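Subject: Structure handover

Hello,

Please find the structure we talked about below. My notes on what turned up in it come after.

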Amino acid sequence: MAVSTARTAFGTRAGEDIRDNGMSRAVVRPLVGLVTVVGIVAVVALAAVLFRGGFANSASVTLLAERAGLVMYPDAKVQMLGSQVGKVASIEDLPDGRAAIHLAMDPDQLHLIPANVVADVSASTVFGAKYVELIPPESPSAEGMSAGQVLDAQHVTVEINTVFGQLTSVLSTIQPDKLNQTLGAIAAAFDGRGQQLGQGLSDFDSFLAQMQPHLPALSHDLATAPEVFGAYADAAPDLLKIADNAATTSQTIVDQQRQLDVALLSVIGLADVGTDVVGQNTQPLTNVLHLLAPTTDLTRQYNAALWCGLGGLLVMANGPAQRDPGVPVFAGLVWGADRYRYPGDLPKVAASGGPQCTGLPQLPYETSPPFVITDTGTNPWKYGNPGVVLNADGIKRLLFGDIDGPPRNSAQIGQPG
């Protein structure tokens with residue numbers, strides 16, 4: 001009985017263990033499947049985030065454009081010289097109709113991009129998606145691009161669907177019946193006139209062939225035409241004033257035509273008298289002109305000095321008035337100059353200094369013009385003995401050498417020199 005009781009107890013525990021194992025397996029298998037599915041989803045999401053650069057560090061730059069285009073999407077490339085330096089993060093429509101394209105730039109590439117870079121919204125083909133192209137300027141700045149910088153798009157490529165949209169809007173405004181009538185009228189106008197149309201095109205081609213050699217001159221004329229027209233526009237008020245004055249002058253001539261006739265008759269009479277006078281005095285007038293030629297030539301040679309002299313007189317005439325009118329005169333007694341000597345003091349016409357202004361017409365205050373030494377036979381500043389001469393001629397010759405003229409003594413006073 002004890003044995004049977006033991007068997008019964010053992011069988012009960014075994015059955016309970018079997019039931020427990022079945023229940024744990026039923027719970028573990030769905031849990032493992034759920035963990036596997038969650039892991040796969042996490043791996044796929046992580047791969048997608050890594051592919052989109054979710055964990056990549058980026059610097060924000062804003063590009064302002066007239067429009068973003070119909071095929072500009074986030075994650076579009078930002079390229080410079082064929083290399084990707086960032087991507088489009090988002091596109092925002094501004095209230096003024098423009099588009100703000102927010103760029104996520106690679107921070108490691110910012111220092112390589114000049115701050116004054118030019119940006120274009122371009123497309124590889126007319127049907128392709130757009131991307132941002134950064135174009136280095138001709139004179140790049142030393143500073144690199146910085147985070148938060150705002151760029152202006154210079155150009156946005158036109159898509160083919162935009163062209164189709166504009167063409168559709170144009171065609172929608174055209175009435176088919178009127179278009180049919182217009183095409184029918186054009187067809188009727190060209191019907192049977194093919195030969196004349198071909199001849200006209202041939203003549204037009206010949207005309208263009210004749211005009212082709214003159215195209216450079218025509219291009220030059222068209223290039224310079226704005227400046228010429230601008231000059232005419234600037235001078236238009238003066239030209240109109242001249243025309244107005246000419247009309248007034250013409251009216252005055254019409255009003256004074258009787259006096260003008262009298263004046264013309266008087267001029268005719270004076271011309272007849274002048275003809276007689278000139279005809280009778282032709283040779284004397286010719287001689288006078290020949291005689292005036294050396295004088296006018298000398299005047300022409302010294303025109304600079306004459307101008308300086310007249311300029312000095314003009315300065316004197318326009319100068320301020322003297323406080324005390326008159327001419328100051330300083331008088332005193334000085335020894336007389338040395339006597340005339342022969343032949344050193346003989347006059348000579350050999351001056352060759354030419355015209356000189358000597359400071360004129362603006363002569364500084366308290367200055368004296370320089371003394372011009374010329375070869376005229378004598379020098380007023382040469383050595384001499386003004387006044388009473390006490391030394392003998394021998395001492396003078398011993399000190400200063402031979403001097404023109406006889407010895408200075410009373411016995412030879414009156415002789416030449």
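The notes below go through the core, the strands, two helices, a disulfide and some backbone angles.

Please keep in mind that this is a predicted model.

The core

The largest nonpolar core has 23 residues. Those that touch the most other members are L63, L103, M105 and L134. Seven strands each supply at least two residues of this core: β1 (59-65), β2 (77-80), β3 (83-93), β4 (99-105), β5 (118-123), β6 (130-135) and β7 (150-156). Of these, β1 gives the most, with four residues.

What does L103 touch, once residues up to four places away in sequence are not counted? Its contacts include A59, S60, V61 and L63. The rest of the list is V78, K87, V88, A89 and V132.

T62 is a residue of strand β1. At a relative accessible area of 16%, T62 is under the 20% cut-off and therefore buried. Neighbours within four places in sequence aside, T62 is in contact with A100, I101 and H102, and also with Q149, V150 and L151.

How the strands pair

β2 and β3 run antiparallel and are joined by four bridges. The two strands form a hairpin, with two residues between them. Within this pair, Q79 stands opposite Q84 in β3.

β2 also pairs with β6, here through three bridges, and these two strands run parallel. On that side, the bridge partner of Q79 is E133 in β6.

β6 is joined to β5 as well, by six bridges, and this pair runs antiparallel. E133 appears here too, as the bridge partner of D120. E133 is thus listed as a partner of Q79 and of D120.

Is β5 mostly covered or mostly open? It is mostly covered, since five of its six residues are buried. D120 is found in this strand, and with 13% relative accessibility D120 counts as buried. From D120 to L151 there are 31 residues in sequence, and the distance in space is 10.0 Å, C-alpha to C-alpha.

Two helices with a bend

Helix α5 covers residues 215-255. A straight helix of 41 residues would span 60 Å at 1.5 Å a residue, but the end C-alpha atoms of α5 span only 52 Å. α5 bends by about 50° at A236, and the proline P237 follows within four residues.

Helix α7 covers residues 282-301. How far apart should its ends be, given 20 residues at 1.5 Å a residue? The expected span is 28 Å, and the end C-alpha atoms are 28 Å apart, which agrees. Even so, α7 has a kink of about 35° at A293, shortly before the proline P294.

The disulfide

The count comes to one disulfide. It is formed by C308 and C357, whose sulfur atoms are 1.8 Å apart. The angle about the S-S bond is 60°, and the link is right-handed. C308 lies in helix α8 (residues 303-318) and C357 in the loop between α8 and α9 (393-400), so the pair ties together parts that are 49 residues apart in sequence.

Are the two cysteines buried or exposed? C308 is buried, with a relative accessible area of 5%. C357 is partly exposed, at 23%.

Backbone angles to look at

Most residues other than glycine have a negative phi, and most peptide bonds are trans. Three places in this model are listed here against that background.

- L81 has a positive phi of about 55° although it is not a glycine. L81 lies in the loop between β2 and β3, in the turn of the hairpin described above. Its relative accessibility is 67%, so L81 counts as exposed.
- T358 has a phi near 50°, again a positive value in a residue other than glycine. T358 is found in the loop between α8 and α9. With a relative accessible area of 28%, T358 is partly exposed.
- The peptide bond from L360 to P361 is cis, with omega near 5°. P361 is found in the loop between α8 and α9.

The loop between α8 and α9 therefore holds C357, and T358 and P361 are in that loop as well.

Regards

Notes. Residues are numbered from 1 along each chain as its sequence is written. This is a predicted model: local features need pLDDT of at least 70, side-chain atom pairs count only at pLDDT 80 or more; totals for chains, interfaces and linings use all residues. Side-chain values use heavy atoms; hydrogens and water are left out. A nonpolar core is a set of buried Ala, Val, Leu, Ile, Met, Phe, Trp, Tyr and Cys residues joined through side-chain atoms within 4.5 Å. Buried means under 20% relative accessible area, exposed over 50%, partly exposed in between (1.4 Å probe, protein chains only). Contact means heavy atoms within 4.5 Å. The expected span of a helix is 1.5 Å times one less than its number of residues. The bend at a residue is the angle between axes fitted to the seven residues ending there and the seven starting there. A disulfide is a pair of cysteine sulfur atoms within 2.5 Å. Two strands pair if DSSP finds at least two bridges between them.
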